[in-house]
Amino acid sequence: MSSTPLRAGIGSAPGPVPPRPPGPAPGELPAVHAAVVCVALPGLVVSPEHGQLTGYGLEGFYQHGRRLLSRCQLRVAGRDPIAVQGRSISAGRARFLAVVRTAADGGPDPGISVERLRHADGTERITLTSSAGRPMRFPVEIALGTDLADLGAVAAGRAGPELPATVHDSGMRWTSGGAHCAVTAQPPPTDALASAGVLRWAVELPPGGSCTIQLHIRTGRPVRPPGPGASPLPSAQEARAEGDDPRVAALLACSIDDLRALLIRDPAYPADLYAAAGVPWRCGMAPAEALWAARMALPLSTRLAATTLRALARTQLAGPGAESGRIPGPLRDAGPFLPPGCTGVEATLAFPVVLAEARRWGLPEPEVSELLPAAERCLSWLAAALGADGYLAESGPGAGLVRAETQAHAHRAAVLGADLLRECGRPGADAWLTRAGALRDRFRAEFWVDDVGGGRPAAARTADGRPMPLLGGGAAHLLDTGLLGGGRLAPGLLDKVRTEQLARLLSGPALDSGWGLRGLAVKEPGYNPFGHRAGAVRVHESAVAVAGLAGAGYQKEAVALLRGVLAAAEAFGHRLPEMYAGEQRTAGGAPVPHPAACRPAAVAAAAGIQLLTTLAGVRPDVPAGSVALHPLRSAPLGEVRLAGLSVGGEPFTVRVSRLGVGMVEQAAAWLQLGG
């Protein structure tokens, strides 16, 4: 390749820039279901399948929530390459293949192939390879552009025009206010034209030869801020799944890869990492989802739970008043008939649960002691927030409404909080068990709606006591009771008869789409197969249902949902989105993506981990030095082996045979099999 330096002054003055392609209307969320997304937060790249960044919609390289490059269009020999394939090869990398036909090609076979390897860290490697039997000489151009817009402005359709470029070093530079971005190329281009943002090379390839151009997109901040310590999660090479069904290996590897890619550091405390909610829309902390992701990842390590809990403890509201101890969080849509719910309340109720279960998995006692005061503040907030009737009612837009899902979270917090307080020698355990018992009794009396089909739990009760008999996937949280000592599951809000009826409902055709659990049953008013909490399949809820059904002894129902989500995961390349359409599965069909779903998403990636570990049913009690196995006895996926898990901070490997028998292959020497 000819690689003479930039000629001084060529194109150095800013000039007019090409018009931006038309995108979504202002306020209209761009579709991302067909995009190829690379993520290693705070780095992110959103690309179309053909690999050419045109500036349309969300396309571009991002770092720290700012779009550094929106346009990166390659031309070879004066032609646009013909795209043949574009796909993710890991959470943070994508590969795009294209070919180029030149005037010298005598038939349909292209003589030049183009490979573009794109990384979320802000690099792109372009390799051109000749298949011709003669030397080839041709020009290569890369047109670059950016608006340096915030991700939120891009998503809202208010990105603004492209900025003028200046020649900088061996590439281009853009500046807007206090933000800037520079793109450098190796080898340096032969020429640069700032007015069009174009870099040019004169390429010479011998027969069968190749050449590579590397682009580096940089701003003044490091791509991944440095911080002490390693990742709180093992790599996909350290934690592995294998078995008769090859999907288990792919799902675990991709789930771990995605969850690690979503980890971000607390800016003020860089030793603490937590999972961002998902890309491209929610690249920051979502308290409840960060806790649920850490909880579902406990079989891999307690480290993510510890760092997430520490980060959230620092956000707790302090001082006198009813809000003291609550973790703040935004409102979240709750479907067509319920007002938005506060995710901060959900996080506050999850905090003591995650701490209690992390202790069972082996979180060291000094760290438990450090976090215990924050858990006690969460419980104190709950005690003050409970009404005279023992329920935790909504405040804000839905003031007075009592949700069934919220009562499930509150009951779990009370029971596991009591267990945590007692074992840590803190006062209040008996009072919390009394509150939990009272809530359980009242819920069983007032939250069940009888009908000819055997009844159903009410989704909520209005402020004047009327039940709302909507049937939705949120009912799965009634089966998520939490882990106590000795491998025991905590009691739930439903009795055995009604738990059995709920199992039938969750596995029935109204809720089970064949790809997972719908957010709202198909015959309910307001059902929308694409509706968030109104009919779409939410992967987190499906995983909660599978684990809850298995724990309650309804393994047939659990297996049906498990098979559906595994089939969906395979169709999505094992990178599960946060949700997808609740369309009914048919022979030869495929799950329908939701155009605005985050992918990857923390709770979806962690749900993949929970689905697989449910097969083995590992229930540790590290303080007591024991671990119990409760595998799915039907062995629905044949033999499965999970290696590189962690119990008590030591490697843990478990195998489930084709007969459904669980066997521990590796564990700490002091750990006894029991339960």
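## The largest pocket

H10 gives the largest share of the lining of the largest pocket, six residues. This is a predicted model. The pocket holds about 930 Å³ of space. Its lining counts 44 residues. Nearest its centre lie Leu489, Ala547, Gly548, Gly551 and Arg619.

Several elements supply at least two lining residues each. They are helix H3 (287-296), H5, H7, helix H9 (496-507), helix H10 (539-551), helix H12 (602-616) and strand E30 (618-621). Sorted by class, the lining of the largest pocket has 21 nonpolar, 15 polar and eight charged residues.

## The second largest pocket

About 780 Å³ of space lies in the second largest pocket. It is lined by 44 residues. Those nearest the centre are Ala334, Leu338, Arg403, Glu405 and Thr406.

Two short labels to find here are strand E21 (331-332) and strand E22 (341-342). Each supplies at least two residues of the lining, and so does each of H5, H6 and H7. The class count for this second lining is 23 nonpolar, 10 polar and 11 charged residues.

## Helix H6

Helix H6 covers residues 365-385, which makes 21 residues. At 1.5 Å a residue, H6 should span 30 Å. Its end C-alpha atoms are 29 Å apart, so the span agrees with the expected value. H6 also bends, by about 40° at Leu371. A proline, Pro373, follows within four residues of the bend.

Many positions of H6 can be picked out as buried. They are Glu367, Val368, Leu371, Leu372, Ala374, Ala375, Glu376, Cys378, Leu379, Trp381 and Leu382. Leu371, the site of the bend, is thus among the buried residues. What covers the buried residues of H6 includes four helices: helix H4 (303-313), helix H5 (343-361), helix H7 (404-423) and helix H8 (429-446).

## Helix H2 and Pro246

Helix H2 runs over residues 247-261 and has 15 residues. From its first C-alpha to its last, H2 reaches 21 Å. That is close to the 21 Å expected at 1.5 Å a residue. The buried residues of H2 are Arg247, Val248, Leu251, Leu252, Cys254, Ser255, Ile256, Asp258, Leu259 and Ala261.

Pro246 sits in the loop between strand E18 (240-243) and H2. Its relative accessibility is 64%, so Pro246 counts as exposed; the cut-off is over 50%. Along the chain, Pro246 and Leu637 are 391 residues apart. In space, their C-alpha atoms are separated by 9.3 Å.

## Two buried threonines

Thr613 lies in helix H12. Its relative accessibility is 12%, so Thr613 counts as buried, the cut-off being under 20%. Leaving out residues up to four places away in sequence, Thr613 touches Pro299, Val618 and Leu642.

Thr302 is found in the loop between H3 and H4. At 10% relative accessibility, Thr302 counts as buried as well. Leaving out residues up to four places away in sequence, Thr302 touches Ala358, Trp361, Gly362 and Leu363.

## Closed cavities

Three cavities of 30 Å³ or more turn up in a search of the whole structure. The largest cavity holds about 70 Å³ of space. Its lining is made by His50, Gly51, Gln52, Pro81, Phe96, Leu97, Ala98, Val114 and Arg116. Strand E8 (93-100) and strand E9 (112-119) each supply at least two of these lining residues. E8 gives the largest share, three residues. By class, the lining of the largest cavity divides into five nonpolar, three polar and one charged.

The second largest cavity holds about 50 Å³ of space. Ala408, His411, Arg412, His477, Leu478, Asp480, Thr481, Pro491, Gly492 and Leu493 line the second largest cavity. By class, that lining has four nonpolar, four polar and two charged residues.

Definitions and conventions: Residues numbered from 1 in each chain as written. Predicted model: local features only at pLDDT ≥ 70, side-chain atom pairs only at ≥ 80, totals over all residues. Heavy atoms only, no water. Expected span 1.5 Å × (residues − 1). Bend = angle between axes of the 7 residues up to and from the residue. Buried < 20%, exposed > 50% of the residue type's maximum accessible area, 1.4 Å probe, protein only. Contact = heavy atoms within 4.5 Å. 1 Å grid on protein atoms, 1.4 Å probe; cavity = no way out; pocket = protein on both sides within 12 Å on 5 of 7 lines; lining within 4 Å. Points joined across faces, edges and corners; volume = space filled by probe spheres on them. Nonpolar A, V, L, I, M, F, W, Y, C, P; charged D, E, K, R; others polar.
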